Amino acid sequence: MLHEKDHPGIQFLKYVFCGGCAFAADVVTFFIVAWLFFPALTEDDVFVRIFGLQVAPVDEHLRVVNFRICTGIAFLVSNMTAYVLNVRFVFKAGKHSRWKELGLFYLVSGISIVIGMEAGAMMIGVFGLSTSFSYMAKAVSATLINYAARKFFIFHG
């Protein structure tokens with residue numbers, strides 16, 4: 001663990017890699033749940049077309065509700081993945097007790113995901129955009145907020 005010796009650029013690259021792993025966990029969880037358990041995909045959705053999936057029609061209101069549910073489930077899985085990888089490879093833990101650190105990690109991530117989720121829900125409900133596009137916009141906004149908060153408030157930079 002070279003946390004203290006890392007150049008800021010190396011640290012950010014490690015963060016991007018670990019974030020990519022957490023993002024992959026989020027994508028897989030979100031789309032499996034949106035496809036199989038809480039329908040939030042439409043026939044013209046990019047994910048559906050790429051994988052040739054069969055989806056049942058779902059009205060816009062239910063799709064917005066299910067988008068939120070799928071986001072919440074994916075958040076739990078991906079955030080634990082992100083925490084473990086960030087502590088192991090990116091940031092130096094110990095600024096706070098382990099439980100406080102984990103709580104702050106989830107709090108910051110929770111705030112950023114709620115902001116992104118509501119923006120994504122609005123993109124679906126108000127503008128009729130695809131679930132995949134709304135999901136990506138949510139992910140980008142959350143990533144930017146999370147990095148800054150984790151670096152400056154949760155861990156030893």
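E60 and R63 form a salt bridge in this predicted model, with 2.8 Å between the closest N and O atoms. Both residues lie in helix 3 (residues 60–90), and because they are three residues apart there, about one helical turn separates them. The two partners differ in burial class: E60 is partly exposed, at a relative accessible area of 36%, whereas R63 is buried, at 3%.

Helix 3 also contributes R68, which pairs with E118. The closest N and O atoms of R68 and E118 are 2.8 Å apart. This pair links distant parts of the chain, since E118 sits in helix 4 (residues 98–125), 50 residues away from R68. R68 is partly exposed, with a relative accessible area of 33%, and E118 is likewise partly exposed, at 35%.

A further salt bridge joins D26 to K138, with the closest N and O atoms 3.5 Å apart. That distance falls within the 4 Å cut-off, so the contact counts as a salt bridge. D26 belongs to helix 1 (residues 8–36) and K138 to helix 5 (residues 131–154); the residues are 112 apart and link distant parts of the chain. D26 is buried, its relative accessible area being 7%. K138 is buried as well, at 2%.

The closest N and O distances are listed below.

| Acidic residue | Basic residue | Closest N and O distance |
|---|---|---|
| E60 | R63 | 2.8 Å |
| E118 | R68 | 2.8 Å |
| D26 | K138 | 3.5 Å |

The count for the model comes to four salt bridges, including the pairs E60 with R63, R68 with E118 and D26 with K138.

Note on methods: Residues are numbered from 1 along each chain as its sequence is written. This is a predicted model: local features need pLDDT of at least 70, side-chain atom pairs count only at pLDDT 80 or more; totals for chains, interfaces and linings use all residues. Side-chain values use heavy atoms; hydrogens and water are left out. A salt bridge is a side-chain nitrogen of Lys or Arg within 4 Å of a carboxyl oxygen of Asp or Glu. Helices (H or I, at least four residues) and strands (E, at least two) are DSSP runs, numbered from the N terminus. Buried means under 20% relative accessible area, exposed over 50%, partly exposed in between (1.4 Å probe, protein chains only).
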